[in-house]
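Trainee: Please take one part of this model and examine it closely for me. I should like the account to be connected and to give the cut-offs behind each term.

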Amino acid sequence: EVTVFAAASLRGALDEVNARFDGKVIVSYASSAALARQIAQGAPADVFLSASPEWVAFLKDDPFVELMNVTDILSNQLVLIASETAQATNIQDLPSALSGRNLALALTTAVPAGIYAREALETMGLWPQIAPHSVETDNVRAALALVALGEVDYGIVYQTDALTQKNLRVLDVIAADTHQPIRYVAAQIGTGADAARYFQFLSDPTAQAIFMAHGFALPEAE
Amino acid sequence: MESVFLSPESWTAVFLSLRVSLVATLLSLPLAIWVAHLLARGRFRGKQVLNALVHLPLVLPPVVTGYLLLLTYGRRAPIGQFLEHSFGFVLAFRWTGAALAAAVMAFPLMVRAIRIAIETVDPKLEEAAATLGASRWFTFRHVTLPLIFPGVIAGSVLGWAKAMGEFGATITFVSNIPGQTQTVPSAIYAALQVPGRESEVLKLVLISVVLAVGALLVSEWLVRRRRKKVDAA
Amino acid sequence: MESVFLSPESWTAVFLSLRVSLVATLLSLPLAIWVAHLLARGRFRGKQVLNALVHLPLVLPPVVTGYLLLLTYGRRAPIGQFLEHSFGFVLAFRWTGAALAAAVMAFPLMVRAIRIAIETVDPKLEEAAATLGASRWFTFRHVTLPLIFPGVIAGSVLGWAKAMGEFGATITFVSNIPGQTQTVPSAIYAALQVPGRESEVLKLVLISVVLAVGALLVSEWLVRRRRKKVDAA
Amino acid sequence: MTLNVAITTVLKGFDLDVNFAAERGVTAIFGASGAGKTTVINAVAGLHRPDQGTITLDNDTFFAADRGINVPVADRRLGYVFQDHRLFPNMTVAQNLSFAKKARGLRQDGQHHSAVLEILGIAPLLGRYPTDLSGGEKQRVAIGRALLSQPKVLLLDEPLASLDHARRLEILPYLERLRDHSDLPILYVSHSVSEVARLANQVVLLDRGRQIQVGPVTEVFSDLDAAQFLGRDDHGAVLFAKVVATHADGVTEVQSSGGRLFVNQTVSSANKRIRLRIRAQDVMLSLSRPEGLSALNVLPCVIADIRSEAKNSVLVQLACGPDRLLSRITERSRQHLNLQIGMPIFAVLKTVSMAQEAIGFQAG
Amino acid sequence: MTLNVAITTVLKGFDLDVNFAAERGVTAIFGASGAGKTTVINAVAGLHRPDQGTITLDNDTFFAADRGINVPVADRRLGYVFQDHRLFPNMTVAQNLSFAKKARGLRQDGQHHSAVLEILGIAPLLGRYPTDLSGGEKQRVAIGRALLSQPKVLLLDEPLASLDHARRLEILPYLERLRDHSDLPILYVSHSVSEVARLANQVVLLDRGRQIQVGPVTEVFSDLDAAQFLGRDDHGAVLFAKVVATHADGVTEVQSSGGRLFVNQTVSSANKRIRLRIRAQDVMLSLSRPEGLSALNVLPCVIADIRSEAKNSVLVQLACGPDRLLSRITERSRQHLNLQIGMPIFAVLKTVSMAQEAIGFQAG
Ligand SMILES: Nc1ncnc2c1ncn2[C@@H]1O[C@H](COP(=O)(O)OP(=O)(O)OP(=O)(O)O)[C@@H](O)[C@H]1O
Ligand SMILES: Nc1ncnc2c1ncn2[C@@H]1O[C@H](COP(=O)(O)OP(=O)(O)OP(=O)(O)O)[C@@H](O)[C@H]1O
Ligand code: MOO
Ligand SMILES: [Mg+2]
Ligand SMILES: [Mg+2]
């Protein structure tokens with residue numbers, strides 16, 4: 001039996017992966033920040049799947065927590081999505097298309113997807129025009145939902161999220177070189193055999209195939 | 001060196017939170033009193049339906065409430081569109097929407113507090129008012145309402161505190177737009193998502209606490225001042 | 001074909017939520033009554049501090065409350081360690097912790113409701129009890145408590161509803177571990193992360209609503225049955 | 001104005017069944033504790049819904065069970081002084097007093113207002129809250145509140161029970177004036193026979209919900225059957241008389257239908273009608289006209305009826321002209337004087353035995 | 001047991017300043033509405049904290065301002081009947097009655113318990129809630145509740161005000177027995193002179209917070225200065241007498257220090273001491289011993305004092321042996337009989353004029 005603390009955005013893909021694992025997997029989905037703090041407080045997690053490297057780094061610095069293994073397991077891509085009625089066709093059109101309209105993204109100071117998106121827009125020099133129209137949510141799926149509902153015309157979300165929703169269009173893929181690489185990091189905390197086996201399984205081709213089917217990419221080699 | 005003061009954005013969030021929570025509380029107070037009175041004294045079909053409806057935001061996860069608000073008051077949603085086209089009044093992604101979310105979340109608390117107060121007013125006094133020719137409304141205005149004053153204050157403080165602390169429904173309904181909808185809880189949430197911003201969290205928490213304690217003290221004082229005069233006769 | 005019933009995990013969450021919320025409400029009720037009585041009738045230094053403390057969980061974003069609980073009752077935290085080493089009692093990441101979080105969040109609501117009820121009991125009746133030789137405790141037990149019964153019920157239902165709906169503090173304090181700490185709101189949150197699970201969300205919301213309405217109706221009936229006998233004398 | 005009350009209603013313990021008409025003036029409702037007096041008044045006020053019957057005020061129907069009519073309390077224009085004062089604790093005395101004026105949008109009648117304050121002695125209390133008043137003070141304010149509401153029917157439920165003697169004596173004349181100079185039907189509940197004797201035009205006697213007697217106060221109070229309900233001490237006949245002369249020493253001479261009486265109270269205006277209550281125990285009987293006695297009042301009468309009572313006393317009904325008097329004497333005295341129905345006899349009354357509060361004014 | 005009350009306290013309107021000792025028996029506190037009666041009783045109960053002074057019961061100090069002592073209400077062992085009944089609305093009558101027993105962990109005294117229920121007529125009400133009781137019923141239950149609490153001091157604030165005459169007559173003998181056969185100091189507030197005359201051993205007269213007179217009821221009630229506070233109608237002297245013989249016709253012959261009197265009530269046991277109240281207005285004066293009159297009681301007295309009153313009446317204090325009587329007559333009669341201080345005179349009382357409720361028993 002393995003207890004996994006996983007970033008909420010991994011749900012879906014991870015559930016399928018776990019179904020293939022030879023053993024019982026219990027997953028606690030929450031925000032990476034909450035999970036990391038809980039692990040620091042002695043939460044019974046065998047494996048931590050963080051949506052960003054910094055919360056793994058946070059645990060590395062914690063004197064009470066010993067990380068047995070750490071590895072990047074996945075990467076992802078940002079995409080520009082639009083509701084069915086939206087005008088713009090690519091990211092460069094966005095500033096002009098936004099007059100009177102909004103762009104939904106995750107919190108640009110707090111949530112990884114939002115941080116990466118803002119960094120990319122800044123690199124492209126679009127952020128100052130876009131910022132006044134941004135609508136930020138506490139997690140990336142909420143941004144997706146806003147676009148899907150048509151409440152907001154545009155959004156920047158992970159490709160993995162975009163794939164799950166039907167009533168919206170993917171307009172553009174945001175170039176990976178415009179922002180820090182998107183890294184999902186796995187850390188093994190539990191010392192048991194199952195924990196180690198599960199940690200290994202995440203990099204197993206079976207698992208990786210499922211993740212890719214959900215739109216994730218493999219991590220770039222460091 | 002880190003400032004002991006809040007950053008400008010944090011101040012913005014504090015003022016916005018105050019505005020949102022005060023508007024939410026004050027505007028929904030009359031409705032809360034009315035509903036509380038209906039539930040306490042009214043006899044009508046559907047009373048328990050109303051009762052349940054009022055309590056819903058309490059029992060549902062805030063995110064769900066926020067989502068339901070979005071489905072009804074969003075720009076594409078029936079009521080939201082109606083309000084926008086008829087009155088040019090937009091709730092979505094505006095501070096007004098934050099106030100609506102806060103009001104909805106605070107409403108059950110206000111109604112309950114006021115209802116309990118109404119239920120303990122001796123109906124014999126209301127009877128006496130009727131013999132003196134007072135209509136229901138006059139009696140309510142001049143007898144019941146002054147007598148439930150402590151309950152109204154308590155309900156308002158409770159509702160206001162809830163409105164100050166509300167996060168889940170607010171961010172789901174109106175997102176987090178600095179200066180528009182970024183309330184203190186949103187700011188705190190954002191700060192908590194990134195390691196090393198605990199001091200920012202602490203400052204925001206402290207200011208929330210100070211405001212809440214201040215409001216509590218004022219409310220207690222209001223009630224005491226009143227009670228000194230009135231007391232149980 | 002999709003089942004109209006809940007998935008097994010959802011049922012687990014429902015039962016866990018019921019257990020958590022009932023334990024949270026019932027265990028904290030005596031304390032809530034005591035604190036409400038202190039605040040309503042007591043005269044002591046630090047009364048306003050206690051008052052503020054009780055209200056804190058309301059005014060702070062739930063995430064902060066959860067975080068503070070984690071910092072005090074976690075396994076590495078002072079009180080958490082003490083409880084674990086002295087009594088082998090673990091709160092963190094157990095349903096007991098979820099109950100603590102729910103209790104803390106529900107506490108201000110319960111205290112306020114009960115306090116309002118206490119404040120409207122005529123002190124003259126308590127005086128009369130004293131002249132008949134009743135100690136404070138006896139008076140409270142046999143005069144005040146029966147008279148505030150509607151307020152206690154109202155406070156309990158309010159607290160219980162809050163405990164059923166609590167999300168932010170719970171997930172932050174005890175995580176979202178199915179079968180251990182995954183309550184209905186956490187399950188709803190988790191379900192919202194995956195497309196195509198809306199029907200599951202809907203079912204969970206519906207079951208929450210049904211439970212809450214049931215509890216409301218029972219509480220109203222309890223109070224009415226009682227009032228029929230007693231009434232304002 | 002005539003208030004008609006004909007209702008039945010089931011109470012814990014017994015049924016209430018009353019049927020009377022209250023004209024302008026005071027209708028006293030008299031009966032033991034728990035007899036149903038408050039319930040009758042509450043029904044008139046609209047605070048108790050009877051099971052059957054009707055309540056009307058002239059042509060206005062307040063209640064009619066068979067027609068489903070039940071006019072709301074606020075529309076009945078009553079002034080109700082409750083057995084428990086029911087002042088509004090959140091208002092000062094002044095605010096309590098002006099409540100009806102505000103509620104009904106009445107014009108202020110300054111003179112009436114200050115007269116009420118004066119008589120009730122509540123002017124010094126205006127700024128206080130009910131919690132700072134004594135029991136009697138609360139009751140006085142409650143009376144004032146009802147009087148100032150310009151009602152069409154006045155309901156008074158033991159209004160003077162918590163007041164001292166002196167205060168009652170001040171308020172009673174005011175109620176008399178109200179009775180005589182307004183068109184109001186007044187329902188008056190009281191346990192005090194002397195109050196009822198002084199104020200009532202009509203008496204409704206209740207016993208455990210049953211209406212035992214209804215009639216003019218003179219009849220009910222000189223009735224030998226009613227005696228048991230009125231209490232030995234206070235029981236006595238009520239007479240009407242007309243002022244004949246006021247003597248220099250302050251004694252007033254009055255003419256009742258039965259003869260001439262002296263009353264030790266200055267009544268200025270001749271020809272004024274007054275009512276006298278003469279307690280059965282204050283009337284002595286003498287076979288001959290007595291001399292050299294401080295009692296100034298001697299009426300020649302005929303013994304109309306004799307009723308033996310418990311405790312070896314005898315109640316004698318006297319016909320003095322058209323008036324009826326009652327005299328309570330001992331069995332021993334009766335034997336001593338050998339009293340028989342139809343016998344002529346002298347009723348001896350001390351002047352002052354016509355108690356001060358028993359001398360009421362009566363317009364007419 | 002002696003209750004000492006010596007307190008001053010500032011009230012709205014005036015200061016309260018009283019100083020009296022209440023021995024076993026009834027101490028009546030008498031005064032107009034708002035005079036401070038309830039405040040005195042509340043101070044003894046511990047519900048009002050005086051500004052200055054002490055309250056002690058034998059050696060127990062209830063309150064001592066200078067020593068900072070203020071014993072909690074619950075530890076004073078009092079039975080308090082409030083002016084407003086204050087029944088617990090959440091309990092049945094039976095539960096209200098047994099509240100003190102439970103609170104103080106008292107043993108049940110079954111006989112006492114049923115006697116109280118019997119006298120107050122509340123046995124049929126036991127299962128009801130206060131809201132279903134009439135005003136007088138509530139008050140009776142409140143009296144029962146206090147009596148059943150086995151108190152060491154009894155505080156009664158207008159306990160009988162809302163009761164009818166017949167019910168009062170049933171309760172008064174019970175209070176007399178309590179007075180005579182227990183060691184209890186009883187503080188009794190009442191507006192009824194006849195109640196006080198019948199029950200009180202001692203009277204404390206209050207006027208706007210000032211203690212005007214304290215003394216045995218016989219002294220205060222025959223005092224010409226106290227007269228104005230007692231109300232003209234009810235005013236009269238209180239005498240003690242001993243039963244001499246019970247005659248076959250039910251008349252009882254009693255011996256007071258001033259002479260022999262006939263009372264129309266059967267008092268079975270000879271040598272029993274009784275108290276009589278003789279209203280000033282029930283006493284006629286005669287220069288010679290009158291004959292042929294139904295009044296059986298004639299006492300030879302000497303005029304001790306004469307006081308002119310308002311309204312042309314005169315109050316005459318009579319010394320009949322060591323007893324004092326009062327007689328109120330008209331100025332006209334006084335002139336007619338040419339009364340002077342020191343003059344011998346005959347006081348004429350009708351047997352029955354000693355009102356039934358005025359005949360109280362007195363142990364001794
Ligand atoms: N809480 C209070 N604060 C200040 N003054 C008060 C308070 N309660 C009563 N008083 C005043 O004190 C005086 C005495 O009141 P108290 O109740 O002792 O009178 P009382 O003699 O019992 O009168 P009553 O016969 O009307 O019951 C009154 O003038 C009243 O107005
Ligand atoms: N709410 C009620 N339900 C049932 N019975 C009641 C209710 N209120 C009073 N009663 C009963 O009805 C009877 C009449 O009550 P009511 O109050 O009319 O008496 P009352 O004549 O005013 O007595 P009092 O002189 O003691 O005030 C009483 O026996 C009482 O116990
Ligand atoms: O239900 Mo919350 O914890 O107030 O957002
Ligand atoms: Mg009554
Ligand atoms: Mg009083």
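Mentor: The account below concerns the contact between chain C and chain E, followed by its setting in the model. The model is predicted, so local features require pLDDT of at least 70 and side-chain atom pairs pLDDT 80 or more, whereas totals for chains, interfaces and linings use all residues. Residues are numbered from 1 along each chain as its sequence is written, chains are lettered from A and ligands numbered from 1 in the order in which they are written, and side-chain values use heavy atoms, without hydrogens or water.

Chain C contributes 20 residues to the contact and chain E contributes 23 residues, where contact means heavy atoms within 4.5 Å. About 2,100 Å² is buried between chain C and chain E, and carbon and sulfur atoms account for 71% of that area. Buried area is the accessible area (1.4 Å probe) lost by two parts on being put together, summed over both.

For charged pairs, the rule finds one salt bridge across the interface of chain C and chain E; a salt bridge requires a side-chain nitrogen of Lys or Arg within 4 Å of a carboxyl oxygen of Asp or Glu. E127(C) pairs with R86(E) in a salt bridge, and their closest N and O atoms are 3.0 Å apart. Four residue pairs, both members at pLDDT 80 or more, are in polar contact between chain C and chain E. A polar contact is a pair of N or O atoms within 3.5 Å; within protein, one must be able to donate a hydrogen and the other to accept it, and residues adjacent in sequence count only if both atoms are side-chain atoms.

On the side of chain C that touches chain E, α6 (123–131), α7 (136–147) and α11 (198–230) of chain C each supply at least two residues. Helices here are DSSP runs (H or I, at least four residues), numbered from the N terminus. With seven residues, α6(C) gives the largest share of this side of chain C. By class, the side of chain C that touches chain E has 13 nonpolar, three polar and four charged residues; Ala, Val, Leu, Ile, Met, Phe, Trp, Tyr, Cys and Pro count as nonpolar, Asp, Glu, Lys and Arg as charged, and the others, Gly among them, as polar.

Chain C also takes part in a ligand site. Because residues from chains B and C surround ligand 3, the site is shared between chains. Chain B is represented by P62(B), K162(B) and E166(B), and chain C by P62(C), M105(C), K162(C), G165(C), E166(C) and G168(C); a residue is counted here if one of its heavy atoms lies within 4 Å of the ligand. Three of these residues are nonpolar, two polar and four charged. A polar side-chain atom of K162(B) is 2.4 Å from an oxygen atom of ligand 3. From chain C, a polar side-chain atom of K162(C) lies 2.9 Å from an oxygen atom of ligand 3, and one of E166(C) lies 2.4 Å from an oxygen atom of the ligand.

The wider arrangement of chains completes the setting. Eight pairs of chains are in contact, and of these chains D and E share the most contacts. Chain A does not touch chain D, their nearest C-alpha atoms being 49 Å apart. Chain A and chain E likewise do not touch, with 50 Å between their nearest C-alpha atoms.
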